[in-house]
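Welcome to the tour! Open your viewer, get comfortable with rotating and selecting, and follow along one stop at a time.

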Amino acid sequence: MLRLAELANILGESPEALSLQLSRMMPTEADYAKPTSAVPSALVREKLKQENLLPPGQVVAFINLKGGTGKTTSAVTTAWRCGDYGLRCCLIDIDAQASASFLMAKEHLEQARPFIEIWDRPEDVNSSLIQVNPQLSLLPSSLDNSLLDLQLAKPLHQKTAIRNTCDQLFNQGHDLIIIDCPPSLGAGVISAICAADILVIPTTADSFAVRGIDLTLNEAASISATFGLKLPDALILLTHHDRRVRMCEEVFVQLKENYGARLVGQPIRTSSSFARAQQRGISVFDISRAKNVQGDYNFFIRTLLQLNPENHRHKPI
Ligand SMILES: Nc1ncnc2c1ncn2[C@@H]1O[C@H](COP(=O)(O)OP(=O)(O)OP(=O)(O)O)[C@@H](O)[C@H]1O
Ligand SMILES: [Mg+2]
C-alpha cells in the first residue's frame, strides 16, 4: 500500500492538503488524516490520473546477458509494488528457469500454460494468465520456454511474438508489462527487446556484470536497427550494493560517469530480506524490517514511472 505521506511527496503536496483532496474525491472512505494512512490503490490511480501523472502503457524488460545480477528480484519486486501506485501490471516470465513464476504463484504452476503455448494466438492470452492479486497478473514460464529458440526461429516471429501479446494485454486494461528475461540472447530475449519501451539492466558491482551492460546495450541497439524499430530507453540499476565495500562505491561512481542519467541514482542495497521474502513467497514490501531496501526500490520505481519529484526523463540507448 502507498502511504498518504508517500503520495504527498510524489505530488509535491503537504499530507494535510492531500488528505483533504482525497476525502473530497472519495467521501465514503475512511479519512486520510495521518501521514501513515494507507491510500487505496484505486484512489492513488484516480489522483495520479487527475494530475496527469499516470504513466502511459509501457513494456519494461529486465535484462542483462550476465546471470545473477538481480533481474528476477527487481522484476518481481517492481511488479508487486506497482499495484500500490494504482497500476494494473502483468509480468511475463520468459526465463525457462521460471524463478519469477515460482516466486509469485508456485501453487498455480502445475496447470499453467507458459508463453510458448500462446505466443501465436495472443487473443488466448487470458487462458494463460494467473491472477496474483487484483492489480497483478502473471504470464508464467516453465522449462517448455527453453524451446522458444526453435519456435521463434523466423525473424518476423521474433519481432512480433511478445509485442502482439503485449498489445493484447494493453487492450485488456493492463497499464504496465514487465518481462523477466533469462541471461542469454535467445529468440525470446530478442523478442522482448523488440517489444520493450524501456530496458532495465540490473547489474552487480563485479566486472563481468558491468561488462554485461555494454554487451546488452550493444546487442539491443543492433537488434532494434536490424528490425527497424525505435531504440528502447535504458536504465541501469546497481544491485547487491554494500556501501562498506570500497569497490561497490567505486563502481557506482564509474557507472555514473559512463552512463550519466541512465544510471538509477540510488543503488539497491544488499539485504537478507530478499531471501526471507522469497522463502515466504511475499514481497520485501511486506517485510516490516526491510525499510532500507523498500526505500531503494521505491526510488527506482519512481524513476521508472517518472514520478520522482525531479521527473527524471529516460535516455535512449
Ligand atoms: N539486493 C539484494 N540483496 C541480497 N540478495 C539479493 C539482492 N538482489 C537479489 N538477491 C539474490 O541474488 C540471487 C540472484 O538474484 P536474481 O535471481 O534476481 O538474479 P537474476 O539476474 O534474475 O539471475 P538469472 O540470471 O539466473 O536469472 C537470488 O538468490 C536473490 O535472492
Ligand atoms: Mg532471473
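How many bridges join strand E5 (residues 130-133) to strand E6 (residues 136-139)? Select both strands and look at how they lie side by side: there are 3 bridges, and the two strands run antiparallel. E5 and E6 form a hairpin, with 2 residues between them. To see one of the pairs, highlight Ile-130 together with Leu-138, its bridge partner in E6. Keep in mind throughout that this is a predicted model.

**Stop 1: the whole chain**

Zoom out until everything fits on the screen. The protein chain holds 13 helices and 10 strands. Its C-alpha atoms fill a box of roughly 55 × 50 × 40 Å along the principal axes. For 317 residues, a compact globule would have a radius of gyration near 20 Å, and the protein chain agrees with that because its own value is 19 Å. Buried residues make up 48% of the 317 residues. Among the contacts in the protein chain with a separation of 6 or more, 74% are between residues 24 or more positions apart.

**Stop 2: strand E7**

Now select residues 176-180, which form strand E7. Is this strand mostly covered or mostly open? Mostly covered: 5 of its 5 residues are buried. Look along the strand and you can sort the side chains by direction. Leu-176, Ile-178 and Asp-180 point one way, Ile-177 and Ile-179 point the other way, and all are buried.

Next, add the strands that pair with E7. Strand E3 (residues 58-62) pairs with E7 in the parallel sense over 5 bridges, and Phe-62 stands opposite Asp-180. E4 also pairs with E7 in the parallel sense over 5 bridges. There, Cys-90 has Ile-177 as its bridge partner in E7.

**Stop 3: helix H9**

Select residues 187-195 for helix H9, where 9 of 9 residues are buried. Among them are Ala-187, Val-189, Ile-193 and Cys-194. What do the buried residues of H9 pack against? Show E3, H7, helix H8 (155-171), E7 and helix H10 (207-226) to find out.

**Stop 4: Leu-148**

From H9, move to helix H7 (residues 148-151) and pick Leu-148. Leu-148 counts as buried because it has 26 C-beta neighbours inside 10 Å; the cut-off for that label is 20 or more. Beyond its neighbours within four places in sequence, Leu-148 is in contact with Ile-94, Ile-116, Gly-186, Ala-187 and Gly-188. Try your distance tool as well: the C-alpha atoms of Leu-148 and Trp-119 are separated by 9.7 Å, with the two residues 29 apart along the chain.

**Stop 5: helix H2, a helix with two sides**

Select residues 15-25 to bring up helix H2, and colour its buried residues, Pro-15, Leu-18, Ser-19 and Leu-22. Why do they sit on the same side of H2? They cover an arc of only 105° around the axis, so they share one side of the helix. A general rule helps here: an α-helix has 3.6 residues a turn, so residues three or four places apart point the same way. Turn H2 around, and on the other side you will find Glu-16, Ala-17 and Arg-24 exposed. Helix H1 (4-11), strand E2 (38-39) and helix H3 (41-50) are included in what covers the buried residues of H2.

**Stop 6: two backbone angles to check**

Go to the loop between strand E4 (89-93) and helix H5 (99-105) and click on Ala-98. Its phi is near 60°, a positive value in a residue other than glycine. Ala-98 is buried, with 23 other C-beta atoms within 10 Å.

Then find His-240 in the loop between strand E9 (233-238) and helix H11 (246-259). Phi of His-240 is near 50°, again a positive value in a residue that is not glycine. His-240 counts as buried too, with 22 C-beta neighbours inside 10 Å.

**Last stop: ligand 1**

Finally, centre the view on ligand 1. Which of the 19 residues around ligand 1 come nearest? They are Gly-67, Lys-71, Thr-72, Thr-73 and Pro-183. Helix H4 (71-82) and helix H12 (273-280) each supply at least two residues of the shell. Colour the shell by class and you should see 5 nonpolar, 12 polar and 2 charged residues.

Technical notes. Residues numbered from 1 in each chain as written. Chains lettered and ligands numbered in written order. Predicted model: local features only at pLDDT ≥ 70, side-chain atom pairs only at ≥ 80, totals over all residues. Near = placed C-beta within 6 Å. Helix = DSSP H or I, 4+ residues; strand = E, 2+ residues; numbered from the N terminus. Nonpolar A, V, L, I, M, F, W, Y, C, P; charged D, E, K, R; others polar. Buried ≥ 20, exposed ≤ 12 C-beta atoms within 10 Å, placed from the backbone. Pairing = 2+ DSSP bridges. Arc of directions from axis to C-beta. Contact = placed C-beta atoms within 7 Å. Rg over C-alpha atoms; globule rule 2.2 N^0.38 Å.
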